[in-house]
Amino acid sequence: MTDMTHTALAPRGDFPLLAANPLLHYLDSAATSQKPQTVLDAITHFYGTANANPHRGAYALAAAATDAYHEARETIAQFLGARDSDTLVFTRGTTEAMNLVANAWGRTHVQAGDEIVITALEHHANFVPWQQLAKSAGAQLRIAELTDDQQVDLDHLASLLSARTKVVAITHVSNAVGSITPVAEVVRLVRAHTSALLVLDGAQGAPHLPVDFDALGVDFYAFSGHKLLGPMGIGGVIGTRARWEECQPWQFGGDMIEWVHDMDSTWNVLPHRFEAGTPNAADAVGLAAAVRYLRALDMTAVRAHEVALLEYAQERLAGMDGLIVYGPPADARSGVLSFTLEDVHPHDLATILDQHNVCIRAGHHCAQPLMRRLGTSATARASFYVYSDTRDVDALVHALVEAQRIFAPVDA
Amino acid sequence: MSDLQELYQSVILDHNRKPRNFGPLDDASGSAEGKNPLCGDQVEVAVRLDGDTLSAVKFTGSGCAISKASASLMTAAVTGKSRAEVDVLFERFHALVTGRLADAEITKESLGQLVVFSSVSRFPIRVKCASLAWHTLRAALENGDASIAVSTE
Ligand SMILES: Cc1ncc(COP(=O)(O)O)c(C=O)c1O
């Protein structure tokens, strides 16, 4: 057995929901993470001390709100390795971020005959916006296929790249099977063969891996706060200044304008140009508290913790009859255990596990194109985070054995 | 019996493993396809009507044990019934799995083998699994030979 204690990286006591439910084994952090008290406090503190509409109102309280929002942007941008914090545009999350890029850059740059390259791993959030953009522009959607262990097939990806490629949109980490994209390799290939916009879906990257945007070499990096200990409803997209300059505003209204004439308008500067309307300042402040919490844990340690749990789980599950685990080996996989168990449908598994206080996700994980390629309609997925420990894994294994027992054929 | 044992009792597991009336139906007078987009369950129900009598019902598709067993037990329960009788059974089954059927009516006499689904109401997330085939049957009956998509969402 791997040398490992029961301890989580982050104390359960820091997370009110986990503290209140000591028997709960929450193994669905890839869907959304639990929130530490410090995040809840930060949100309450904003509303209790600094609540006013940011960027509006010439009084001290409004300035406090503006400052809090501004500081949150700096903290989060810094955490993700963007020195120029104004290149971080807040959105509701990754989904809205991808729609932003597809609209703000895609609509003015992708034309008939062009090609958009995505992969078979993509979450619908990084699939459908490009599929629909291609459809409306008369462009061609190309899908990079996968290796036998569900990693992006880099040779196939390379074969799709050409001067016609206008966008390459690819996930940093797959939510469905955990595969980690070798970003440096992808950047090298894309830059060598195209002048395409390179967009990374960081919804599962930012929470689980150290991210250094300035060193990555991609054009846009999208993420969701709720998957990295932050509140729901806040996330964002970091872009290079050069690429932001190429974008057109996609939502119109307050805050994003500079001057509104009767028949036309001019636009505010980055990042405000792409943040129309009253911003979600309170949740941005909450997310800043979340990244401070993660920074204190250290993202390298977060990654190491998840790898250790994955390896522990693999050992505990080794030899289980009829178990198929998807995705690459632990060193190329995030803390995701996506699997099927022969004769037990994932949906039934989830119900049985739920009765044992083990929360897992069963379904297509918003990745139907991937499920088609796996030849299944659904998998069961357990996913780990900073508060997960080996007891969670033990409970999972115990419940899986129980499920197998319930579904075992009765000998005639 | 624990809730789980009741949900996954032997009749349900047996119909999951060996679904009855599974496969395509020759000379179908109507069919419909039902999908639960949430979990990917998919079922196609084909019916043959002789006058007002449902002389044959078969299904194909894939899904969890609850949805498969429900489709299987449904085909057995409705074959030979009139449309009106099927409607009554549908309503009773739906009331059963959504927890709206009076205890006194949850009996083998009133429900036949469908009584094995009585614990589904304690698993609200699974109600759709149990009712997918029934919604699809109803669509197949209402739509003649048109193949339509039913969603329980
Ligand atoms: C890889 C990936 N991309 C995109 C998304 C969409 O994120 P959100 O629903 O927060 O917008 C998710 C999460 O569901 C995800 O895991």
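Me: A polar contact is a pair of N or O atoms within 3.5 Å, where, within protein, one atom must be able to donate a hydrogen and the other to accept it. With that rule in hand, which side chains are joined to that of Glu275(A) by a polar contact of 2.8 Å?

Reply: The model is a predicted one, and in it the side chain of Glu275(A) has a polar contact of 2.8 Å with that of Tyr69(A), and another of 2.8 Å with that of Arg73(A). Glu275(A) sits in the loop that runs between strand E10 (265-267) and helix H10 (281-297) of chain A.

Me: Is Glu275(A) buried or exposed, and which residues does it touch once those up to four places away in sequence are set aside?

Reply: Buried means under 20% relative accessible area, and Glu275(A), at 7%, therefore counts as buried. Its contacts, with residues up to four places away in sequence not counted, include Leu88(A), Val89(A) and Phe90(A) as well as Gly254(A), Asp255(A) and Met256(A).

Me: How should I read the backbone of that loop, and which peptide bond in chain A is cis?

Reply: The general idea is that most residues other than glycine have a negative phi, and that most peptide bonds are trans. Here a cis peptide bond, with omega about 0°, joins Leu270(A) and Pro271(A), and Pro271(A) is found in the loop between E10 and H10 of chain A, which is also where Glu275(A) lies.

Me: Which residues other than glycine have a positive phi, and where do they lie?

Reply: Among them is Gln150(A), whose phi is near 60°; it belongs to the loop between strand E4 (140-144) and helix H6 (154-160) of chain A, and with a relative accessible area of 9% it is buried. Another is Leu229(A), with phi near 75°, placed in the loop between strand E7 (220-224) and strand E8 (235-239) of chain A and buried at 0% relative accessibility.

Me: Turning to salt bridges, how many does the rule count over all chains, and what does a pair between distant parts of a chain look like?

Reply: Side chains of opposite charge can pair when their charged atoms come close. Over all chains the count comes to 24 salt bridges. In one of these, the closest N and O atoms of Asp84(A) and Arg241(A) are 2.6 Å apart. That pair links distant parts of the chain, since Asp84(A) is in the loop between helix H3 (60-79) and strand E2 (88-91), Arg241(A) is in helix H9 (residues 241-245), and the two positions lie 157 residues apart in sequence terms. Asp84(A) is partly exposed at 30% relative accessible area, and Arg241(A) is partly exposed at 36%.

Me: Where does a salt bridge fall within one helix?

Reply: Glu185(A) and Arg188(A) meet in a salt bridge of 3.3 Å, N to O, and both lie in helix H7 of chain A, three residues apart, which is about one turn of the helix. Glu185(A) is partly exposed, with a relative accessible area of 32%, and Arg188(A) is likewise partly exposed, at 48%.

Me: How many salt bridges are counted between chain B and chain A, and how is the interface of these chains made up?

Reply: The count between chain B and chain A is one salt bridge, formed by Arg126(B) and Asp348(A), whose closest N and O atoms are 2.8 Å apart. Arg126(B) lies in the loop between helix H5 (108-111) and helix H6 (127-142) of chain B, whereas Asp348(A) lies in helix H12 (residues 346-355) of chain A, so the pair joins two chains. Both residues are buried. The rule also finds six residue pairs in polar contact across the interface, with both residues at pLDDT 80 or more. On the chain B side, H1, H2 and H3 each supply at least two of the residues that touch chain A, and the residues of that side divide into 13 nonpolar, three polar and four charged. In terms of extent, 20 residues of chain B are in contact with 15 residues of chain A, and the two chains bury about 1400 Å² between them, 57% of it on carbon and sulfur atoms.

Me: Which residues of helix H2 of chain B are buried, and why do they fall on one side?

Reply: In helix H2 (residues 10-17) of chain B the buried residues are Ile12(B), Leu13(B), His15(B) and Asn16(B). Because they cover an arc of only 165° around the axis, they lie on the same side of H2(B). They pack against helix H14 (390-407) of chain A together with helix H1 (3-7) and helix H3 (65-78) of chain B.

Key: Residues numbered from 1 in each chain as written. Chains lettered and ligands numbered in written order. Predicted model: local features only at pLDDT ≥ 70, side-chain atom pairs only at ≥ 80, totals over all residues. Heavy atoms only, no water. Buried < 20%, exposed > 50% of the residue type's maximum accessible area, 1.4 Å probe, protein only. Helix = DSSP H or I, 4+ residues; strand = E, 2+ residues; numbered from the N terminus. Arc of directions from axis to C-beta. Contact = heavy atoms within 4.5 Å. Buried area = accessible area lost by both parts, 1.4 Å probe. Salt bridge = Lys/Arg side-chain N within 4 Å of Asp/Glu carboxyl O. Nonpolar A, V, L, I, M, F, W, Y, C, P; charged D, E, K, R; others polar.
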